[in-house]
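Hi everyone, thanks for coming. Have a look at the picture with me, and we'll walk through it together.

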Amino acid sequence: VRQLAAAFAPTVTEKMPRYPGSKGPSFELAKSKAAASRRTPKWFSLQQRYAPYLFVSPFLLLFTLFSAWPILKSLALSVYATNGPKDAVFVGSANFRFLLADPDFHTGVWNTAVFAFFSVFLQLPLALGLALLLTRGWLRGRELFRLIFFSPNLLGQVFVAILFSVLFIPQYGLINQALHALAGIALGTKWLSNPALVMPALVLTALWMYTGFNMIYFLAALQAVDRELYEAATVDGASGWQQFWAVTLPGIRPVAIFVLITSTIGSFQLFELPYIMLNNGSGPNKAGLTIVMYLYNNGFVTGDLGYAAAVGWTLALGVLVISLIQARLTGAWKASEE
Amino acid sequence: MRIGTLLGRGITALMLLLAAAIALTPLLWLVAATTKGPDDLFHYTFFAPQPTAQSFRDLFGRVPFLRYMLNSVFVTCTAVMVQLFLSSLAGFALAKYEFKGKKAIMLLMLATVMIPNQVVIAPLYELVYRLRMVDSYLGLIIPGAVSVFGIFLFRQAILQVPDELLHAARIDGCSEFRIYWDIVMPISRPMVGAFCLISFMGTWNAFLWPQIILHDNHRFTLPIALNQMVGLQEQQQYGMLMAGTLLSVLPVIVLFLLLQKEFVAGLTAGAVKG
């Protein structure tokens with residue numbers, strides 16, 4: 001606090017011009033803006049002094065009410081069982097104990113984890129690969145390719161889900177037609193009603209939607225790598241593959257870690273894609289049930305907001321632990337210290 | 001040029017073209033699907049020889065689709081403007097002023113960024129219910145009105161604005177709000193563009209919160225309206241559904257094409273520098 005005050009004091013005197021206090025209304029005929037301020041020096045210095053508070057207060061008010069307060073409230077709510085927003089009964093840790101024992105929750109966690117694993121490990125290498133191809137110096141039309149690869153991301157999960165639920169139709173759907181022609185899979189393959197295929201369908205859809213999005217980050221990172229390092233490596237006789245490991249990867253490491261962690265977090269919040277592709281349900285054998293869908297069903301279909309809060313905190317904690325593990329494994333801490 | 005180099009380039013180009021085809025084919029199919037009648041929809045893979053606007057006629061005739069579109073436009077534009085104003089104003093204050101509690105505010109914001117949205121959905125619903133804002137646009141827009149992400153974005157951008165400029169304006173008698181309005185905002189235009197687009201996409205595509213908050217069919221925004229149409233779906237109506245999907249994604253695509261450059265800059269600003 002003292003540091004803050006010390007930082008505050010000099011800037012106040014520096015920023016605020018001192019006005020002779022008692023001059024009063026003798027400047028009333030001023031015409032220019034400059035003079036207009038001198039006309040009411042008191043008002044002018046007051047607005048200078050309080051401007052930052054005025055500027056942050058609408059934000060702060062809404063933020064406190066709709067963000068900070070609900071977070072605290074959520075902690076409290078998680079030890080209640082509720083029936084809609086009105087009736088609440090204190091249940092202590094029962095919500096969490098029930099949650100950890102509920103087979104449906106286990107299914108949701110498993111499905112979400114499988115989705116996150118495959119999404120991340122298919123999307124990110126592919127995104128990096130595309131970005132590497134796009135950084136070739138001789139390539140023409142880089143901007144156009146970037147735009148095309150990114151375009152699926154413009155659709156939003158709901159619309160992608162609706163589109164792909166039609167593309168995945170057995171017999172006539174475009175995906176079955178294409179895969180039948182190219183890879184010989186059965187035309188009647190039922191992606192969304194065969195429990196074993198629900199997850200692959202979701203992973204494929206996410207792959208289509210998000211690869212280009214992640215590529216944007218890799219592309220920006222690759223373009224920021226120092227050209228001279230490559231030249232030096234070439235002079236030293238390093239092969240393309242060696243250059244990738246010795247120059248490219250270290251160069252893009254901070255961004256790669258960022259993309260890895262954020263896309264993992266995003267994958268763990270999967271909801272709209274399965275919910276809509278599976279007709280507002282969890283699919284055959286609950287093969288498309290995810291953690292957030294479990295939260296939604298319990299909180300807003302059954303109406304137990306307390307239980308939903310408990311699920312939310314469990315998800316938050318899980319995601320935090322996974323992010324920390326990822327940061328640790330990739331040496332993110334070391335990267336930020338350098 | 002060596003044969004090997006040429007071959008390498010050929011393979012690279014081929015892979016890029018293949019990836020581009022995969023990215024574009026579903027979109028092309030979507031466009032094609034809206035021009036086909038129910039009988040032709042799966043009969044022709046892409047375009048049918050006889051295009052028809054039947055899907056669009058059904059869409060506007062059988063469901064109040066125009067109403068849904070206007071709802072979405074209203075909700076999204078309002079939300080974007082409110083978010084833009086509040087985020088940039090607070091971002092400006094955090095970038096260019098020293099004041100008591102600034103550090104505390106920054107820390108508070110950072111702490112909440114780490115917490116996923118799902119944690120607050122339940123208590124937020126309870127709160128909105130208490131405030132009697134369920135099934136209203138107020139309940140839809142206000143809880144999302146402040147974007148911490150947006151504030152950081154604007155703070156970052158406004159930090160680049162030279163202090164001398166602000167001092168000069170002050171000496172000329174410019175009020176602090178006019179400094180924000182007439183100097184800081186015009187200078188930060190790229191960030192305004194990027195933020196508008198990101199915020200537009202977020203609100204336009206939002207599903208979970210509108211689904212929880214809105215009950216009356218007449219207030220539905222496009223994502224929940226279309227999702228409801230899937231439920232009513234019979235085989236014959238795929239065309240209508242695809243037409244609805246196309247019209248729902250078109251505004252975002254157009255806006256993106258207009259603001260593309262700013263968007264990429266805004267998206268990667270935090271990641272690459274940080």
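I'll talk about where the two chains meet, and then about the cysteines.

Some housekeeping: this is a predicted model, where local features need pLDDT of at least 70, side-chain atom pairs count only at pLDDT 80 or more, and totals for chains, interfaces and linings use all residues. Residues are numbered from 1 along each chain as its sequence is written, chains are lettered from A and ligands numbered from 1 in the order in which they are written, and side-chain values use heavy atoms, leaving out hydrogens and water.

So, the interface. Chain B brings 96 residues to the contact and chain A brings 89, where contact means heavy atoms within 4.5 Å. On chain B's side, that's 69 nonpolar, 16 polar and 11 charged residues. Here Ala, Val, Leu, Ile, Met, Phe, Trp, Tyr, Cys and Pro count as nonpolar, Asp, Glu, Lys and Arg as charged, and the others, Gly among them, as polar.

How many salt bridges are there between chain B and chain A? Just one: A:Lys73 pairs with B:Glu126, with the closest N and O atoms 3.5 Å apart. The rule is a side-chain nitrogen of Lys or Arg within 4 Å of a carboxyl oxygen of Asp or Glu.

Now the cysteines. There are zero disulfides over all chains, a disulfide being a pair of cysteine sulfur atoms within 2.5 Å. Why is B:Cys77 not bonded to B:Cys196? Because their sulfurs are 9.7 Å apart, too far for a bond. B:Cys77 is partly exposed, at 33% relative accessible area, while B:Cys196 is buried at 19%. Buried means under 20%, exposed over 50%, and partly exposed in between, using a 1.4 Å probe and protein chains only.
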